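Subject: Structure for your review

Dear colleague,

Please find below the structure that I am handing over to you. My findings follow it, arranged by topic.

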Amino acid sequence: MKTPSQYVSQLLALVLGGIGVAFILLGALFIWMDLPVQGGGGWSFSALGFVLLVGAGLCLVWYGRRKDLCRRLLERGVKVEHVGCSIEKWVWINWNTRSFTNIPGQNSPWVVRCSYRWEDKLYTVTSPLVWNQPAPVQYPVIYVDPKHPRRAYIDPDTLSFLVF
C-alpha cells in the first residue's frame with residue numbers, strides 16, 4: 001500500500017491485520033518447535049493473532065460502510081454552504097514514505113473540519129485524511145443527507161492546498 005489511507009479505519013485494519021498475522025505465525029512457530037511459553041502455550045499467540053485479525057476485519061467493514069456512505073452522498077446528497085472551517089494536523093498518525101524521518105509529524109495527515117447549518121441547526125463534518133497541507137482559507141463543497149443531516153461529506157476534490 002504505497003498511497004496513504006484516507007480513513008483511520010483503513011489504517012487500523014492495516015496495522016491490526018499485520019500484527020495479527022505476525023502473532024499467528026509466531027504461535028505456529030512455538031507450537032511447531034514445541035517451545036515452552038511462560039503463562040500459557042504457544043497456541044495463545046495464535047489465539048491473540050486471530051482476535052487481532054477479527055478486529056482488522058471489523059475495521060474493513062467499518063471502512064466499507066463509510067466509503068459507501070460517502071459515495072451515496074456524492075451522488076444523491078444536497079450541497080450546503082459551510083459556516084466556518086478549521087484545519088487540524090493529526091500528528092498521532094505518521095505515514096513514513098522514506099527509510100527514516102527526523103522531524104516528528106512531518107508525514108502526518110491533515111483534516112479539514114467544517115460547520116454547516118441545516119434547518120437552523122449547526123452540524124460539524126470532518127474531511128477524509130489529506131496528506132498535503134491545506135490552504136488556511138477553504139471553500140469546500142459539503143454534501144448532506146436530507147433525511148439524516150448528521151451524515152455529511154466534504155468533497156476532498158474541492159479542497160485547496162498550499163503549493164511549496
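A residue is called buried when its relative accessible area is under 20%, exposed when that value is over 50%, and partly exposed in between. By that cut-off C59 is buried, because its relative accessible area is 9%. Please keep in mind that this is a predicted model.

Cysteines

How many disulfides does the structure hold? There is one. The partners are C85 and C114, whose sulfur atoms lie 2.2 Å apart. The link of C85 and C114 is right-handed, with 95 degrees about the S-S bond. C85 belongs to strand β2 (residues 82-89) and C114 to strand β3, so the bond ties together parts that are 29 residues apart in sequence. The two partners can also be described by their accessibility: C85 is partly exposed, at a relative accessible area of 28%, whereas C114 is buried, at 0%.

C59, for its part, is in no disulfide; the nearest cysteine sulfur belongs to C70 and is 16 Å away. What keeps C70 from forming a bond with the closest cysteine sulfur? That sulfur, in C114, is 14 Å from the sulfur of C70, which is too far for a bond. C70 is buried, with a relative accessible area of 5%.

Nonpolar cores

In soluble globular proteins, nonpolar side chains tend to be buried together. In this model the largest nonpolar core has 14 residues, of which Y116, V125, I142 and V144 touch the most other members. Two or more residues of this core come from each of β3 (110-118), β4, β5 (142-144) and β6 (152-154). The largest share, five residues, is that of β3.

I142 may serve as an entry point to this region. Leaving aside neighbours within four places in sequence, I142 is in contact with V78, K79, V80, H82, C114, Y116, V125, A152, Y153 and I154. Apart from the largest core lies another core, of seven residues, including Y63, C70, Y143 and Y153.

I154, one of the contacts of I142, is located in strand β6. I154 is buried, at a relative accessible area of 0%. Not counting residues up to four places away in sequence, I154 touches V112, C114, V125, T126, S127, P128, P140, V141, I142 and L159. The C-alpha atoms of I154 and C70 are separated by 8.7 Å, although these residues are 84 residues apart along the chain.

Pockets

The largest pocket holds about 280 Å³ of space. Its lining consists of W62, R65, R66, D68, L69, R72, V125, T126, R150, R151 and A152. At least two lining residues come from each of α2 (43-76) and β4 (121-126), and α2 gives the largest share, six residues. By class, the lining has six charged, four nonpolar and one polar residues.

About 200 Å³ of space lies in the second largest pocket. Q6, Y7, V8, S9, W62, R66, W90, T126, S127, P128 and L129 form its lining. Here α1 (8-33) and α2 each supply at least two lining residues. Which classes make up the lining of the second largest pocket? Six of its residues are nonpolar, four are polar and one is charged.

W62, R66 and T126 appear in the lining of the largest pocket and also in that of the second largest pocket. V125, which lines the largest pocket, is among the members of the largest nonpolar core that touch the most other members.

Two further residues

S9, a lining residue of the second largest pocket, is found in helix α1. Is S9 buried or exposed? S9 is buried, because its relative accessible area is 4%. Not counting residues up to four places away in sequence, S9 touches C59, W62 and Y63. Of these contacts, C59 is the buried cysteine described at the outset, and Y63 is a member of the seven-residue core.

H148 lies in the loop between β5 and β6. H148 is partly exposed, at 38% relative accessibility. The C-alpha atoms of H148 and L26 are separated by 46 Å, and the two residues are 122 residues apart along the chain.

Yours sincerely

Notes:
Residues numbered from 1 in each chain as written. Predicted model: local features only at pLDDT ≥ 70, side-chain atom pairs only at ≥ 80, totals over all residues. Heavy atoms only, no water. 1 Å grid on protein atoms, 1.4 Å probe; cavity = no way out; pocket = protein on both sides within 12 Å on 5 of 7 lines; lining within 4 Å. Points joined across faces, edges and corners; volume = space filled by probe spheres on them. Helix = DSSP H or I, 4+ residues; strand = E, 2+ residues; numbered from the N terminus. Nonpolar A, V, L, I, M, F, W, Y, C, P; charged D, E, K, R; others polar. Core = buried A, V, L, I, M, F, W, Y, C linked by side-chain atoms within 4.5 Å. Buried < 20%, exposed > 50% of the residue type's maximum accessible area, 1.4 Å probe, protein only. Contact = heavy atoms within 4.5 Å. Disulfide = S-S within 2.5 Å.
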